[in-house]
Amino acid sequence: MSYQFGTELKQVQDRINQFLANQFEKIDSYNAPLRDAMKYGLLLGGKRVRPFLVYATGKMLGAEMSALDYAAAAIESIHAYSLIHDDLPAMDNDELRRGQPTCHIAFDEATAILAGDALLNEAVNVIIKTKVPDELKISLLATLYQASGINGMILGQALDMEYETKLATRDQLDLIHHHKTGDLISAAMKMGALIANPDDQKTWVEIGYKIGLAFQIQDDVLDVVGDSSLLGKKVGSDQVNHKSTYVTLMG
């Protein structure tokens, strides 16, 4: 029987969405809109590429789906926080995400900042709940936060902003997106592999970087030729924000 990617992706989307929704049942922000803003930023659509890669890698190497749920949820929480902060006026100043108003438009800037901060921190709690040995939890946390922190995604975002009014070279552009996009996608594959406990992590890390680079190139192209109604976000924002992209470099 042939592999049906669309079917597999839909199953993963349904699974991780339900798992994430269940996690929010235990969060109480009392009268503050914090929990609602977190849910809005995390559960309002999304392709779930990173959770899919956690599940796909782990499952391929023999891990049970239930053992992969927490890692998949943690990495999607990190991704959602980064999008909420990316959309803020001080960053990309976007008003549309996944076809809906961005978090700071739907709520307010302060609530959006706090919702992003909360999702970043909640990823730790999710990993801690994983039913694996403590040593593996530490490895998962180290992988996730190395990929999302100052040596990973945040570095990529800082470099991306640094080159907003400059034309980056190919090497500089590769460096930006190696960190901004590739690190987290690579971490998703490594976390799935860690849970399955294979001997070699390097292969999955490298594959993740290649996927991340391809993902970013397509995203840059779609920002020029895409349709906002299909993409769920405003096209042309890279040009408005004077971003260095693969399109500005190569056409």
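**Figure 1. I150 in the loop between α7 and α8 of the predicted model.** In this predicted model, I150 sits in the loop that joins α7 to α8. I150 is exposed, with a relative accessible area of 62%. As a distance marker, the view includes T7, which is 143 residues away from I150 along the chain. The C-alpha atoms of I150 and T7 are separated by 36 Å.

**Figure 2. The buried residues of helix α8.** Helix α8 covers residues 153-162. Its buried residues are M153, G156, Q157 and D160. Seen down the axis of α8, these buried residues fall within an arc of 100 degrees, so they line one face of the helix. An α-helix has 3.6 residues a turn, so residues three or four places apart point the same way. The cover over the buried residues of α8 includes α4, α7 and α9, the last of these spanning residues 170-196.

**Figure 3. The salt bridge between K166 and E162.** K166 forms a salt bridge with E162, and the closest N and O atoms of the pair are 2.7 Å apart. K166 is partly exposed at 40% relative accessibility. E162 is also partly exposed, its relative accessible area being 43%. The model has nine salt bridges in total, and two others are shown in Figures 4 and 5.

**Figure 4. The salt bridge between K137 and D134 in helix α7.** The closest N and O atoms of K137 and D134 are 3.9 Å apart, and the two residues form a salt bridge. The cut-off for a salt bridge is 4 Å, so a separation of this kind is counted. K137 and D134 are three residues apart in helix α7 (residues 134-148), which separates them by about one helical turn. K137 counts as buried, at 16% relative accessibility, whereas D134 counts as exposed, at 56%.

**Figure 5. The salt bridge between D14 and K10 in helix α1.** D14 pairs with K10 in a salt bridge whose closest N and O atoms are 2.8 Å apart. Both residues belong to helix α1 and lie four residues apart, about one turn of the helix. D14 is partly exposed, with a relative accessible area of 40%. K10 is likewise partly exposed, at 45% relative accessibility.

**Figure 6. Helix α1 and its buried side.** Helix α1 runs over residues 5-24 and contains 20 residues. From its first C-alpha to its last it reaches 29 Å, close to the 28 Å expected at 1.5 Å a residue. The buried residues of α1 are E8, L9, V12, Q13, I16, F19, L20, Q23 and F24. They cover an arc of only 145 degrees around the axis, which puts them on the same side of α1. Among the elements that cover these buried residues are α2 (34-43), α3 (49-60), α4 (65-86) and α6 (109-128).

**Figure 7. K129 and its contacts.** K129 lies in the loop between α6 and α7. K129 is partly exposed, with a relative accessible area of 34%. Leaving aside residues up to four places away in sequence, K129 touches Q23, Y70 and E122. Of these contacts, Q23 is one of the buried residues of α1. The C-alpha atoms of K129 and G208 are separated by 25 Å, and these two residues are 79 residues apart along the chain.

**Figure 8. Y30 and R48, two loop residues with positive phi.** Most residues other than glycine have a negative phi. Y30 is not a glycine, but its phi is positive, at about 55 degrees. R48, also a residue other than glycine, has a positive phi near 65 degrees. Y30 is placed in the loop between α1 and α2, and R48 in the loop between α2 and α3. Their accessibilities fall in opposite classes: Y30 counts as exposed at 71%, while R48 counts as buried at 2%.

**Figure 9. A nonpolar surface patch that includes V224.** The residues I217, V221, V224 and V225 make a nonpolar surface patch of about 330 Å². V224 is located in helix α10, which covers residues 202-225. V224 is exposed, with a relative accessible area of 53%.

Key:
Residues numbered from 1 in each chain as written. Predicted model: local features only at pLDDT ≥ 70, side-chain atom pairs only at ≥ 80, totals over all residues. Heavy atoms only, no water. Patch = residues over 30% accessible without salt bridge, like charges linked within 9 Å, V, L, I, M, F, W, Y side chains within 5 Å. Areas by Shrake-Rupley, 256 points an atom, 1.4 Å probe, with all protein chains shown as cover. Salt bridge = Lys/Arg side-chain N within 4 Å of Asp/Glu carboxyl O. Helix = DSSP H or I, 4+ residues; strand = E, 2+ residues; numbered from the N terminus. Buried < 20%, exposed > 50% of the residue type's maximum accessible area, 1.4 Å probe, protein only. Expected span 1.5 Å × (residues − 1). Arc of directions from axis to C-beta. Contact = heavy atoms within 4.5 Å.
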